[in-house]
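Work through the following exercises with the sequence and the structure side by side. Try each task before reading its solution.

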Amino acid sequence: MTIHWCGTGLSSIPGLRRLIEAGHPVTVWNRTVEKARAEVGDLTQDIRAFSLETLAEALKPGDIAVSMLPADQHVGIARLCLEKGANFCSSSYIAPEMRALDEDFREAGLVSINEVGLDPGIDHLMAHDLVARYRASKVYDNDNVLSFTSYCGGVPKEPNAFRYKFSWAPAGVLKALRSPSRSLRHFTELRVARPWDAISRYDAPLPVPESFEVYPNRDSYPFMEEYRFEKHWKVKDFVRGTIRLNGWADAWAPIFREIEALEGKPLAEINAALEARAAALLKENAYAPGEPDRVVLFVALKAERDGKPVFHQTWAMDAWGDVRGTAMGRLVSVPVSLAIQAVLNREIPAGVHGAPHDPKLVARWLDQVGHLAQFLRRIDHLG
């Protein structure tokens, strides 16, 4: 069983090196072979130029293909895996086109595991853990009122005036600001066209208390089912979102106005404007070589009865770059490597899946995350 790791960008290296150092047979694929050699050439010589055609020639039954490439590449590689009798792994959200392959993967007895990076990934593990703990608690009751929040973000360890720094071309960050979101607030569906219309304050339960700015992203609703919320539960709030340093909204106000001014223009013109703006932002707000990044993640579940909390726990994580490299790189790629090992150990059932619910895997993976982050704790606010 060979692991075909495709893509050696900034969020790939720690997990990739971990697998090679553990003695797994790994073939490394990258569009630019020289870049891959610079990252892992001290560990392996099996580094090849990526194309779907050459991957197809190398993929064998029982192998696993890992796509750390742009998200639009995942489904094509997953289909190739089905054709070749191989398994698939990515850290990205499960696109509808990937979800549509579930029956095919099940029938073939193959696994497509996704959403096993940082966000999505570690956040899912924390959510699964909290829901399981709530279900098993003495206070579990169908009449309880539930609130769930999950906020994650990469921020500079040393804050700058812009309140944000970029590790790579920021066009994706700018394009995400054009995406609407759907979440649940005070028993009511909240639809937001742009993030800056729904920024709120979050007080983080860190050793040194700190507040952040947060906003909902994407569509939170499907994750109620993913986290195994029962349909009859009384859910007051359910929000998955992004976290930013305080002052971010003010610092980015000119960017927001530029994006608003693009409304109604042709997509090609919008993308060109965002790409140009991204290039300027990267020049002004890029991480310096060796400068530490920071990742914060907070997942909380609260249950109330008669207006009083009876269950309230939060997973809190704070991590930053150090001699091991960037926090983002560790927290995205090492969980991916754990997922690959779980597939090889037949711990993941056939089909298309996100991060596992299995309590043993959740506990084992979160234990590993504890070695990746400088601070990781499950806080019982009532204990």
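**Exercise 1.** Across which strands does helix 4 lie, and at what angle does it run to strand 5?

Solution. This is a predicted model, in which local features need pLDDT of at least 70 and side-chain atom pairs count only at pLDDT 80 or more, while totals for chains, interfaces and linings use all residues. Residues are numbered from 1 along each chain as its sequence is written, and side-chain values use heavy atoms, with hydrogens and water left out.

Step 1: find the elements. Helices (H or I, at least four residues) and strands (E, at least two) are DSSP runs, numbered from the N terminus. Helix 4 covers residues 74–84. Step 2: find what is beneath the helix. Helix 4 lies across strand 4 (64–67) and strand 5 (87–90); contact means heavy atoms within 4.5 Å. Step 3: read the angle. Helix 4 runs at about 160 degrees to strand 5. Axes are lines fitted to C-alpha atoms, for helices over the stretch in contact, and angles run from 0 to 180 degrees between N-to-C directions.

**Exercise 2.** Give the strand order of the open sheet of 7 strands and explain what is special about its edges.

Solution. Step 1: the order is 3-2-1-4-5-6-15, with parallel pairing. Two strands pair if DSSP finds at least two bridges between them. Step 2: strand 3 (47–49) and strand 15 (351–353) are at the edges. Each has a single partner strand, so one side of each is left without a neighbour in the sheet. Step 3: neighbouring strands of this sheet are turned by 15 degrees against each other on average, direction ignored. Step 4: take one pair as an example. Strand 1 (residues 3–6) runs parallel to strand 2 (residues 26–30), joined by 4 bridges, and W5 is opposite V28 in strand 2.

**Exercise 3.** Follow the antiparallel pairing from strand 13 through strand 14 to strand 16.

Solution. Step 1: strand 13 (residues 293–305) and strand 14 (residues 308–320) run antiparallel and are joined by 12 bridges. Step 2: their hairpin has 2 residues between the strands, and D306 there takes a positive phi near 55 degrees. Step 3: strand 14 also pairs with strand 16 (residues 375–380), in the antiparallel sense, over 6 bridges. Step 4: trace a row of residues across the strands. L297 is opposite M317 in strand 14, and M317 is opposite L376 in strand 16.

**Exercise 4.** Describe how helix 1 packs with helix 13.

Solution. Step 1: two packed helices are described by the angle between their axes and the distance between the axes. Step 2: helix 1 (residues 13–21) and helix 13 (residues 327–344) pack at an angle of about 40 degrees, with their axes 6 Å apart. Step 3: that makes helix 1 oblique to helix 13. Angles under 35 degrees count as roughly parallel, over 145 as roughly antiparallel, 65 to 115 as roughly perpendicular and the rest as oblique. Step 4: among the residues that meet are I13, P14 and R18 in helix 1 and V334, L338 and Q341 in helix 13.

**Exercise 5.** Is D123 buried or exposed, and what is around it?

Solution. Step 1: D123 is in helix 7 (residues 122–136). Step 2: D123 has 0% relative accessibility and therefore counts as buried; buried means under 20% relative accessible area, exposed over 50%, partly exposed in between (1.4 Å probe, protein chains only). Step 3: a polar atom of the D123 side chain lies 2.7 Å from the backbone nitrogen of G121. Step 4: leaving aside neighbours within four places in sequence, D123 is in contact with L118, S150, Y227, R240, L297 and V299.

Step 5: compare a second residue of this helix. R133 also lies in helix 7, but R133 counts as partly exposed because its relative accessibility is 34%. Not counting residues up to four places away in sequence, R133 touches F311, Q313 and R378.

**Exercise 6.** Which peptide bond is cis, and which residues have a positive phi in the loops named below?

Solution. Step 1: most residues other than glycine have a negative phi, and most peptide bonds are trans. Step 2: the bond from D119 to P120 is cis, with omega near 10 degrees. P120 lies in the loop between strand 6 (111–113) and helix 7. Step 3: F187, in the loop between strand 8 (181–185) and strand 9 (188–192), has a positive phi near 65 degrees. Step 4: R218, in the loop between strand 11 (210–216) and helix 9 (222–226), has a positive phi near 50 degrees.

Technical notes
A polar contact is a pair of N or O atoms within 3.5 Å; within protein, one must be able to donate a hydrogen and the other to accept it, and residues adjacent in sequence count only if both atoms are side-chain atoms.
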